[in-house]
Amino acid sequence: MNASFHLFPHSATTASGRYDALFITQTVVLAAVAFAVALLIVVFSIRYRAGSAADRSNAPTTARGVEIAWTVIPLLLFIGTFAWAAYDFTQLYRAPSDSMPVFVVAKQWMWKLEHTNGKREIDELHVPVNQPVRLVMTSQDVIHSFYVPAFRIKQDVVPGRYTTIWFTATETGEFHLHCAEYCGTDHAAMGGRIIVMQPGDFAAWLASGNTRPGIAAHGFELYRRYGCSGCHEAQSSVHAPDLHGLLGREVHLSDGRALIADEAYIRDSILLPRKDIVAGYEPIMPSFAGQISEDDILAIIEYIRSTGGNYARAGQ
Ligand SMILES: [Cu+2]
């Protein structure tokens, strides 16, 4: 990247251009309104100053056309930008179903990243170009914020729950990652880089080195050790929902709500089983809060992912 001045940071995802266009539009509209008001104040102050020769006879007392115009035109402009921003905001949290999930765990003061095949990295995230990537994030201590200026994404990373965000990088290269939520002494140094690669290079990178190919198998072992299988398998005597292919499936709840089962839903169901009771089932599952580590929850999620469903591993 060259050292010349850029008004905007480099833009490197499918969505970043839309956010820039929204930002520019809002700035131009607000600047135009502010300029018009300031200009009229100056013009009228000079023309109607005390003692000026301006014609003050027959001053209009009503000007309905002007009043309607200055009410309706700004209203439409602002509602229009609100609708535009609201649409982009909802898209920001609606990842395509073929997106590649990556787990992010923040702690003072580093980013730990884990791919679904168990490959881990610290302060670096390798991703393929032109592939939607969905980050599933949590914190081990305080609130952090995952911020990649070139991707125009920033999402709080909160202890005790999963937050998600997604992006599709449009060019290869390296992009800065920052923590954007003050998190203690070394907050300013809590950063890293996103490395966007060609899909073939990424596949080779993902398969090389410190992989833990058994994460789903380990998750299955935990699924039995914690006793999940005792109720959730078809042949079990206790009637509990079938978990095969659960990720990405629509789930109907006993209180009438419906949701798409994602990683956060599985985590909540393990730790807060009474939060979302599946329609047709009794609230008999015990909570595993305090008995299971975040790592074990991740492994069980990977086991459930390996059984299929819409959020199955990308490329498999
Ligand atoms: Cu931080």
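This passage walks through the annotated regions, the two sheets and the helix packing of a predicted model.

It is convenient to start from the N-terminal part of the chain. An unreviewed UniProt entry places the feature "transmembrane region" at residues 21-48 and 68-87. In the model, residues 21-48 are 96% helix and 0% strand, with their end C-alpha atoms 40 Å apart. Residues 68-87 are 100% helix and 0% strand, and here the end C-alpha atoms lie 28 Å apart.

The next annotated span has another make-up. According to the unreviewed UniProt entry, residues 97-208 carry the annotation "domain: Cytochrome oxidase subunit II copper A binding". This span is 54% strand and 8% helix, and its end C-alpha atoms are 26 Å apart.

Two sheets can now be described in turn. Strands of a sheet pair through backbone hydrogen bonds, either parallel or antiparallel. One open sheet has five strands in the order β3-β2-β1-β5-β8, with mixed pairing. Its edges are taken by β3 (120-122) and β8 (163-168); each has a single partner strand, so one side of each is left without a neighbour in the sheet. On average, neighbouring strands of this sheet are turned by 25 degrees against each other, direction ignored. Within the sheet, strand β5 (residues 132-139) and β8 run antiparallel and are joined by six bridges. One bridge pairs V136 with T164 of β8.

The other open sheet also has five strands and mixed pairing, in the order β4-β10-β9-β6-β7. At its edges stand β4 (124-128) and β7 (153-157), and because each has a single partner strand, one side of each is left without a neighbour in the sheet. Here the average turn between neighbouring strands is 20 degrees, again with direction ignored. Strand β6 (residues 144-148) is joined to strand β9 (residues 173-179) by two bridges, and the two strands run antiparallel. Y147 has H178 of β9 as its bridge partner. A helix accompanies this sheet: α3 (residues 199-207) lies across β4 and β10 (191-197), and runs at about 130 degrees to β4.

Attention then turns to the C-terminal part. The unreviewed UniProt entry places "domain: Cytochrome c" at residues 214-308. Over this span the chain is 40% helix and 6% strand, and the end C-alpha atoms are 16 Å apart.

Two helix packings involve α7, and both lend themselves to a simple geometric account. Two packed helices are described by the angle between their axes and the distance between the axes. Helix α4 (residues 215-225) packs against α7 at an angle of about 105 degrees, with the axes 7 Å apart. The angle therefore makes α4 roughly perpendicular to α7. On the α4 side, the contact involves I215, A216, H218, G219, F220, L222 and Y223, which meet D296, A299, I300, E302, Y303 and S306 of α7. By class, this contact has eight nonpolar, three polar and two charged residues.

For helix α6 (residues 263-271) and helix α7 (residues 294-306), the axes come within 10 Å and cross at roughly 125 degrees. These two helices are therefore oblique to each other, and their crossing is right-handed. From α6, the contact is made by E263, I266, R267, I270 and L271, and from α7 by E294, I297, I300, I301, I304 and R305. Seven nonpolar and four charged residues make up this contact, with no polar residues. I300 of α7 appears in the contact with α4 and in the contact with α6.

Terms used: Residues numbered from 1 in each chain as written. Predicted model: local features only at pLDDT ≥ 70, side-chain atom pairs only at ≥ 80, totals over all residues. Heavy atoms only, no water. Pairing = 2+ DSSP bridges. Helix = DSSP H or I, 4+ residues; strand = E, 2+ residues; numbered from the N terminus. Axes fitted to C-alpha atoms, helices over the stretch in contact; angles between N-to-C directions. Contact = heavy atoms within 4.5 Å. Parallel < 35°, antiparallel > 145°, perpendicular 65-115°, else oblique. Left-handed = near helix turned anticlockwise from the far one by under 90°. Nonpolar A, V, L, I, M, F, W, Y, C, P; charged D, E, K, R; others polar. UniProt positions renumbered as here; feature names shortened; annotations may be inferred.
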